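Trainee: Could you take me through the pockets in this one, slowly? I'd like a close look at that part, and at whatever sits around it.

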Amino acid sequence: MDQNNKTSADFILLGLFPGSRRRDLLIVLVLLIYSLAFAGNSVLMVLIWLDPRLHTPRYFLLSQLSIIDLAYVTSTVPKTATDHFRGKKSISYAACATQMFFSLTLGLAECTLLTLMAYDRYLAICHPLRYAVLMSPKVCVRVAAAAWTGALAALVHTAYPMSFPICGSREIHHYFCEMPAILRMSCADTSVYETVKFVSTLVFLLVPFALILVSYVLICLAVLRKSSRRGRSKALATCSSHLAVVSLYFGQAIFIYMTPGSSHTPEQDQVGAALGTVVTPMLNLLTYSLRNKEVVGALKRRLGRWCGWETSLSPQRVPQRRCVFKTESTRAQLRS
């Protein structure tokens with residue numbers, strides 16, 4: 001054990017795919033995805049906060065999803081990258097438990113929020129006349145708060161695995177402290193806890209996923225009955241992209257938490273975890289925001305207040321547009 005891992009109570013995180021020959025490239029790729037997800041979700045939250053046209057239940061829930069995604073990806077990636085480049089592998093017992101608690105809390109919150117967002121779209125399309133009542137501002141705040149009630153379950157599923165005795169090596173074959181990786185090191189009988197975990201995943205994974213599928217099926221049926229051919233194609237494309245991202249997120253969670261740990265390798269667990277904690281936050285941004293005309297329109301309006309577009313000719317005599325940020329005097333002239 002090296003000098004960075006000299007405390008016997010510490011765990012040793014082996015990092016992202018420790019057996020890979022291209023770990024540096026993988027870490028750089030993960031950092032790139034993290035940067036895009038962090039910057040994009042931050043911009044989206046600011047847009048929703050600043051633009052009155054986005055002060056609707058749909059975008060309120062979307063802002064909550066951005067908060068969760070920001071916290072989710074930040075709870076793992078910065079430490080993973082820092083430890084890799086510093087050559088440090090140890091993580092204290094308290095830090096490991098804290099990381100596990102937050103990853104579980106944020107994961108459960110995302111499951112709940114994705115379900116509520118699907119329900120919101122179902123009400124908006126299938127029951128538009130009742131939408132304003134069923135999704136009032138007060139209701140939105142309550143459902144957003146309900147997404148965080150999974151913290152109680154996360155606390156239970158952190159305390160129990162961390163209390164099991166560990167025999168032999170304290171090496172965690174993962175890039176963060178995830179519950180199945182901790183259970184794999186335990187030498188106690190965990191069969192009772194495995195049953196509790198299975199029941200919990202039924203409630204927090206399968207039930208929300210089933211509700212989301214039902215919501216989108218009802219949305220598709222309503223659209224097929226009412227819309228034109230062009231409208232149907234657009235709605236089906238939107239629903240399919242949403243379902244693809246949702247299926248990816250729930251699929252990796254079901255694979256990791258509902259199947260026996262002996263049925264998959266640590267490397268497969270890492271692939272699943274990376275899809276959920278790194279890739280999904282970026283895909284959520286692309287699917288729910290950048291393909292949304294209202295969000296893109298809000299971004300253009302905000303840029304238009306600070307940016308003036310000037311057209312010039314390139315050396316090849318091709319017109320080019322460039323953004324020139326407006327000064328206070330320029331904005332005063334435009335207002336006058």
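**A look at the pockets**

Mentor: Sure, and keep in mind that this is a predicted model. Let's start with the second largest pocket, where helix 11 gives the largest share of the lining, 5 residues. The other elements that supply two or more residues to that lining are helix 1 (23-50) and helix 3 (77-86). In total, 14 residues line the second largest pocket, and those nearest its centre are Leu16, Phe17, Val30, Ala274 and Val279. The space inside comes to about 200 Å³. Now check the chemistry: the lining has 13 nonpolar residues, 1 polar and no charged.

Next, the largest pocket, with a volume of about 510 Å³. Its lining takes in 18 residues, and Arg58, Arg121, Lys234, Thr238 and Asn292 are the closest to the centre. Helix 11 turns up here too, as one of the elements giving two or more residues, along with helix 4 (93-126), helix 9 (191-226), helix 10 (229-258) and helix 12 (293-306). This time the largest share, 5 residues, belongs to helix 10. The lining of the largest pocket splits into 7 nonpolar, 5 polar and 6 charged residues.

Let's stay with Arg121 for a moment. What does its side chain meet in a salt bridge? The partner is Asp120, at 3.0 Å from N to O. Arg121 has a relative accessibility of 18%, so it counts as buried, the cut-off being under 20%. Asp120 is buried as well, with a relative accessible area of 1%.

Helix 11 and helix 9 bring in salt bridges of their own. Arg184 and Asp269 meet through their side chains at 2.7 Å, N to O. Arg184 lies in helix 8 (residues 179-185) and Asp269 in helix 11, so this pair ties together parts that are 85 residues apart in sequence. Is each partner buried or partly exposed? Asp269 is buried, at 1% relative accessible area, while Arg184 is partly exposed at 36%.

In helix 9, Lys197 forms a salt bridge with Glu194, and their closest N and O atoms are 3.4 Å apart. These two are 3 residues apart, about one turn of the helix. Lys197 is buried, with 5% relative accessible area, but Glu194 counts as partly exposed at 31%. Across the whole structure, a search finds 5 salt bridges, including the ones we've just gone through. The general idea is that side chains of opposite charge can pair when their charged atoms come close.

Terms used. Residues numbered from 1 in each chain as written. Predicted model: local features only at pLDDT ≥ 70, side-chain atom pairs only at ≥ 80, totals over all residues. Heavy atoms only, no water. 1 Å grid on protein atoms, 1.4 Å probe; cavity = no way out; pocket = protein on both sides within 12 Å on 5 of 7 lines; lining within 4 Å. Points joined across faces, edges and corners; volume = space filled by probe spheres on them. Helix = DSSP H or I, 4+ residues; strand = E, 2+ residues; numbered from the N terminus. Nonpolar A, V, L, I, M, F, W, Y, C, P; charged D, E, K, R; others polar. Salt bridge = Lys/Arg side-chain N within 4 Å of Asp/Glu carboxyl O. Buried < 20%, exposed > 50% of the residue type's maximum accessible area, 1.4 Å probe, protein only.
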